[in-house]
Amino acid sequence: MADSEIFKDKVTGSYNELDNHHEFSVDDHPLYSHARSFTVRNGPSSRTYKLAAISLGLLSVIFLVIIIGLSVHINRVSDSHYNLSLNSSRTSSQIAQLRSDLKNLNDTTKALQNKQNEDTNLIRSLQALLRTETRLKSEQQSQNRNLQEDKQKLKSQLLHLEDNCGQCPPNWVLMNKTCYFFSVSEAIPRKGWAAGRQECTKKEADLLVINSKEEQVFIFDTLKALRYNLPFSYRNGFWMGLKDDHTEGSWTWLNGTIMTEGYWMDGEPNDDLGYEDCAAVYPTNNPLKSWNDVPCSHPLKWICEKEITISS
Ligand code: GN1
Ligand code: CA
């Protein structure tokens with residue numbers, strides 16, 4: 001039952017009771033006593049109404065606050081939504097920009113790759129060109145060497161012709177009314193000193209005797225001209241008519257004269273191994289240092305000389 005009905009029942013009950021006991025004094029009358037006790041203990045009062053009104057007011061205020069809060073929140077949410085849409089549109093344009101940048105980047109990468117391919121091809125072509133050039137250069141060097149050899153050959157042939165005019169046999173070289181023969185041809189085998197000398201005597205000549213510096217230089221130059229302008233080799237020694245087999249260290253020419261001015265290489269004669277008693281001349285790099293003593297049995301080339309056969 002609601003409070004108002006209970007209140008009404010109790011008021012009605014109290015009134016009836018008061019009616020039945022009208023003989024009581026005012027102060028003792030149950031109506032007043034009940035009314036007083038009810039007012040204090042059970043009945044609605046202005047305080048209760050006030051409380052209810054205050055509660056309602058508070059509730060309204062709370063609702064108002066909540067509503068204001070919600071509106072603020074909604075406002076903020078819509079602001080952030082607005083910002084988000086702004087951001088989203090900015091992001092979209094940034095994505096579009098990035099896509100365009102990416103496309104440009106791809107295009108640039110492709111262009112660079114093409115350039116790199118072109119460069120690689122260019123480098124390959126240049127390398128091929130360089131190889132060809134190197135090959136051509138080496139061919140040219142080889143041709144130059146051949147030309148040089150041909151030149152020496154021609155020089156040697158010229159030597160045979162120059163001033164010879166039939167005064168020396170074919171393939172002999174003339175100098176100061178003396179004819180010289182150099183066994184330069186590889187067709188003629190190398191021989192020991194004695195066998196070489198024998199070849200000279202067969203041609204009515206003898207092994208070379210050098211009587212002057214001029215003759216030494218002439219022999220040396222002729223050797224160089226006869227295709228011996230090549231790196232030094234002990235194979236290319238030419239026997240001369242000079243020995244020290246009788247007395248070690250006393251070098252004697254075939255004509256019996258003692259050698260006084262020798263054109264030995266540095267460190268020669270050294271009588272290597274104790275039996276180098278025959279002298280040979282070599283196409284070295286120094287015309288005045290071109291002799292060496294060698295074992296007489298060692299196979300070498302030789303140089304013959306004889307006076308001119310036909311007088312001019
Ligand atoms: C040669 O080959 P080897 O070094 O032993 C040369 C000698 C020289 C010597 C100079 C056959 O002797 O006469 O004195 O080099 N031998 C020959 O190092 O030519
Ligand atoms: Ca020697």
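Which residues surround ligand 1? In this predicted model, the shell is made up of Tyr-234, Glu-268, Asn-270, Asp-272, Glu-276, Asn-292, Asp-293, Val-294 and His-298.

## The surroundings of ligand 1

By residue type, the shell around ligand 1 divides into four charged, three polar and two nonpolar residues.

Let's look at the polar contacts. The side chain of Asn-270 places an N or O atom 2.8 Å from an oxygen atom of ligand 1. Asp-272 also uses its side chain, with a polar atom 3.2 Å from a ligand oxygen. Asp-293 takes part through its backbone, where an N or O atom lies 2.9 Å from an oxygen atom of ligand 1. On its own, ligand 1 has 430 Å² of accessible area, and the protein covers 61% of that.

## The calcium site

Ligand 2 is a calcium ion, with donor atoms at 2.2 to 2.5 Å. Glu-268 and Glu-276 each coordinate the ion through OE, while Asn-270 and Asn-292 each do so through OD1. Asp-293 contributes both O and OD. Along the sequence, these donor residues follow the spacing E-x1-N-x5-E-x15-N-D.

Some residues will look familiar here: Glu-268, Asn-270, Glu-276, Asn-292 and Asp-293 coordinate the calcium ion and also belong to the surroundings of ligand 1.

## Buried or partly exposed?

Two of the calcium donors are worth a look for their accessibility. Glu-268 has a relative accessible area of 15%, so it counts as buried, the cut-off being under 20%. Asn-270, at 38% relative accessibility, is partly exposed.

Note on methods. Residues are numbered from 1 along each chain as its sequence is written. Chains are lettered from A and ligands numbered from 1 in the order in which they are written. This is a predicted model: local features need pLDDT of at least 70, side-chain atom pairs count only at pLDDT 80 or more; totals for chains, interfaces and linings use all residues. Side-chain values use heavy atoms; hydrogens and water are left out. A residue is near a molecule or strand if one of its heavy atoms lies within 4 Å of it. A polar contact is a pair of N or O atoms within 3.5 Å; within protein, one must be able to donate a hydrogen and the other to accept it, and residues adjacent in sequence count only if both atoms are side-chain atoms. Accessible areas come from the Shrake-Rupley method with a 1.4 Å probe; for residues, only the protein chains shown count as cover. Ala, Val, Leu, Ile, Met, Phe, Trp, Tyr, Cys and Pro count as nonpolar, Asp, Glu, Lys and Arg as charged, and the others, Gly among them, as polar. Donors are N, O and S atoms within 2.8 Å of the metal (3.2 Å for Na, K and Ca); water is not among the atoms, so sites may look incomplete. Buried means under 20% relative accessible area, exposed over 50%, partly exposed in between (1.4 Å probe, protein chains only).
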